[in-house]
Amino acid sequence: MKQEIFPIFCIGVKLDDRETNNTRKVLVKQLEEGLLGINKDMMSKIIIAYEPVWSIVTGYSPTPDKINEIH
C-alpha cells in the first residue's frame with residue numbers, strides 16, 4: 001500500500017514582531033524563504049500552519065479576527 005506524507009511548514013511571529021506591527025513582513029519572509037524552489041505540484045502537498053509564538057510563551061490567544069487577518 002502506498003502512503004503519502006504531507007509536510008507541515010510552520011510559520012509564526014514573536015511578541016516583538018507583533019508589537020512593532022511586523023507580523024506580515026516576518027511571515028512573508030518566512031514563506032518566501034521557506035518555499036523557495038517549491039513548484040505548484042509540490043505546493044499542493046504542503047500544509048502551512050500558523051502559530052504565533054507569542055501566544056505560547058505569554059498565554060494570550062489571538063482572536064479569531066486576528067487569525068483570519070493573517071490567513
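# Notebook: salt bridges, core and empty spaces

**Entry 1, helix 5.** I began with Lys66, which forms a salt bridge with Glu69, and I noted that the closest N and O atoms are 3.6 Å apart. I was working in a predicted model, and I kept that in mind for every entry below. Looking up where the two partners sit, I found that Lys66 and Glu69 both belong to helix 5, residues 64-70, where they are three residues apart, about one turn of the helix. I then asked myself how accessible each of the two is: Lys66, at 36% relative accessibility, counts as partly exposed, and Glu69, at 56%, counts as exposed.

**Entry 2, the other salt bridges.** How many salt bridges does the structure hold? I wrote down three, and so I went on from helix 5 to the remaining pairs.

Glu33 forms a salt bridge with Lys29, and here I noted 4.0 Å between the closest N and O atoms. Both residues are in helix 2, residues 23-34, and because they are four residues apart there, about one helical turn separates them. Glu33 is exposed, with a relative accessible area of 55%.

The side chains of Lys45 and Glu4 also meet in a salt bridge, at 2.9 Å from N to O. This pair links distant parts of the chain, for Lys45 is in the loop between helix 3 (40-43) and strand 2 (47-50), while Glu4 is in the segment before strand 1 (8-11), and the two are 41 residues apart. I recorded Lys45 as partly exposed at 38% relative accessibility, and Glu4 likewise as partly exposed at 48%.

**Entry 3, the nonpolar core.** Which residues make up the largest nonpolar core? I listed six in all, namely Ile11, Val13, Val26, Leu27, Tyr50 and Trp54. I chose Val13 from this list for a further look and left aside its neighbours within four places in sequence. Its contacts then include the core members Val26, Leu27, Tyr50 and Trp54, and I also wrote down Thr23, Glu51, Pro52 and Val53 as residues in contact with Val13.

**Entry 4, Thr23.** Since Thr23 had come up beside Val13, I looked at Thr23 from its own side. Thr23 is found in helix 2. Is Thr23 buried or exposed? At 14% relative accessibility, Thr23 counts as buried, because the cut-off for that word is under 20%. Not counting residues up to four places away in sequence, Thr23 touches Val13, Asp17, Arg18 and Ile70.

**Entry 5, the largest pocket.** I next turned to empty space, and I noted that the largest pocket has a volume of about 420 Å³. Its lining is made of 15 residues, and those that lie nearest its centre are Thr23, Leu27, Glu69, Ile70 and His71. Helix 2, strand 2 and helix 5 each supply at least two residues of this lining, and I found that helix 2 gives the most, with five residues. Sorting the lining by class, I wrote down eight nonpolar, three polar and four charged residues. Glu69, the salt-bridge partner of Lys66, is thus one of the residues nearest the centre of this pocket.

**Entry 6, the largest cavity.** How many cavities of 30 Å³ or more are there? The count comes to one, and I noted that about 30 Å³ of space lies in the largest cavity. The residues that line the largest cavity are Arg18, Thr23, Tyr50, Trp54, Lys66 and Ile70, and they divide into three nonpolar, one polar and two charged. Several names return here from earlier entries: Lys66 from the salt bridge with Glu69, Tyr50 and Trp54 from the largest nonpolar core, and Arg18 and Ile70 from the list of residues that Thr23 touches.

**Entry 7, two loop residues.** I ended with the loops. Asn21 is found in the loop between helix 1 (15-19) and helix 2, and it has a positive phi of about 55° although it is not a glycine. I flagged this angle because most residues other than glycine have a negative phi. Asn21 is exposed, with a relative accessible area of 70%.

Gly59 has its place in the loop between helix 4 (53-58) and helix 5, and Gly59 is exposed as well, with a relative accessible area of 59%. I also looked up Gly59 against Lys14: the two are 45 residues apart along the chain, and their C-alpha atoms are separated by 13 Å.

Definitions and conventions. Residues numbered from 1 in each chain as written. Predicted model: local features only at pLDDT ≥ 70, side-chain atom pairs only at ≥ 80, totals over all residues. Heavy atoms only, no water. Buried < 20%, exposed > 50% of the residue type's maximum accessible area, 1.4 Å probe, protein only. Core = buried A, V, L, I, M, F, W, Y, C linked by side-chain atoms within 4.5 Å. Contact = heavy atoms within 4.5 Å. 1 Å grid on protein atoms, 1.4 Å probe; cavity = no way out; pocket = protein on both sides within 12 Å on 5 of 7 lines; lining within 4 Å. Points joined across faces, edges and corners; volume = space filled by probe spheres on them. Nonpolar A, V, L, I, M, F, W, Y, C, P; charged D, E, K, R; others polar.
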